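Let's walk through how to read a few helix and surface features. Have the viewer open and follow along.

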Amino acid sequence: MDCKNCEKSVTPQTKFCDECGAKIINKRITFKNLIADLFNNAFGWDNRYFVTIRSLITSPHILFKEYINGTRKKYVNPFGFFAIGAAISLLAFNHFSEDYLSLSREVNKKQMEAMNDVILPDTKNDESLSDNVKKLDQNEVLKQQLEQGEQVQKAILKYYNLFSFLLLPFYAIIAFLTFWKPYNYGEHLVINAYIQGFTFLLTTIFFLLSLVISGSIHFFGLVGTIIYYTYAYIRLYNLSFGQVLIRLLKFVVIAATMIMGSILIGFIIGVVTG
């Protein structure tokens with residue numbers, strides 16, 4: 001039998017064409033099949049979006065290699081997958097931003113109070129100041145810190161989509177410099193688009209959990225992102241434990257160097273133009 005899309009010969013057991021990636025369909029059209037296909041295309045596990053997610057969970061290295069080598073119809077386009085993940089996370093962040101900020105205020109307040117016990121010892125131990133002055137100074141500093149922290153959180157939640165698109169090429173450059181061959185920069189861009197698209201979903205899940213359990217749970221979204229990023233590249237390059245540690249160290253050094261370089265360039269430009 002032949003694939004109905006590209007006419008390549010396939011076996012009766014084949015589910016997807018090796019040539020074009022299209023699903024092999026042998027059954028006749030019936031009303032029942034039409035309804036089933038409608039739900040499968042929108043919500044089914046065979047939907048390309050869910051196939052992409054499933055592959056990113058179970059075998060990300062296979063997805064990366066297949067897409068890079070030309071299997072395109074089987075999976076969602078990497079930048080489309082990235083955009084869908086960013087849109088889902090942005091929708092959740094913006095819709096529940098006030099709920100999240102109200103929960104995180106208490107968490108941030110406790111953290112700031114603990115930090116101020118260490119950062120502001122001079123004011124606390126200054127015997128020339130009254131207790132009311134000490135308390136006023138601490139409360140004022142704490143209030144300013146909380147307000148600044150909340151403004152940063154609001155900006156991140158509001159412009160999360162924009163930050164994500166701007167950082168994607170940055171992550172791809174670091175990955176390219178860290179892992180190098182056999183993949184070029186464009187291929188690392190594809191790999192990172194898939195990884196970022198998946199981690200958007202991961203951080204959204206932790207974000208929603210933080211609303212019903214604890215605001216601090218959102219932190220585990222960052223931890224999950226680092227773990228998944230490492231997992232995906234371990235599978236792709238088949239790295240040993242020692243190689244993973246070396247690559248992680250290299251990744252951190254390159255990222256830190258690029259960040260410091262960007263800050264230095266920005267400072268120089270500011271001085272020259274100012």
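**Reading the helices**

Q: What span should the 28 residues of helix 9 have at 1.5 Å a residue?
A: Helices here are DSSP runs (H or I, at least four residues), numbered from the N terminus. The expected span is 1.5 Å times one less than the number of residues. Helix 9 (residues 185–212) should therefore cover 40 Å, and its end C-alpha atoms are indeed 40 Å apart. By the way, this is a predicted model: local features need pLDDT of at least 70, side-chain atom pairs need 80 or more, and totals for chains, interfaces and linings use all residues. Residues are numbered from 1 along each chain as its sequence is written, and side-chain values use heavy atoms, with hydrogens and water left out.

Q: Which backbone nitrogen does a side-chain oxygen of Asn184 reach at the start of helix 9?
A: That of Gly186, to within 3.1 Å.

Q: Is Thr203 buried or exposed?
A: Buried means under 20% relative accessible area, exposed over 50%, partly exposed in between (1.4 Å probe, protein chains only). Thr203, in helix 9, counts as buried because its relative accessibility is 10%. A polar atom of its side chain lies 2.9 Å from the backbone oxygen of Phe200.

Q: How far apart are the end C-alpha atoms of helix 11?
A: They sit 48 Å apart, which agrees with the 48 Å expected for 33 residues. Val244, Ile254 and Ala255 are buried in helix 11.

Q: Is Val272 buried or exposed?
A: Val272 is also in helix 11 (residues 241–273), but it counts as exposed, because its relative accessibility is 66%.

How values were computed: Helix = DSSP H or I, 4+ residues; strand = E, 2+ residues; numbered from the N terminus. Polar contact = N/O pair within 3.5 Å; in protein donor to acceptor, adjacent residues only side chain to side chain.
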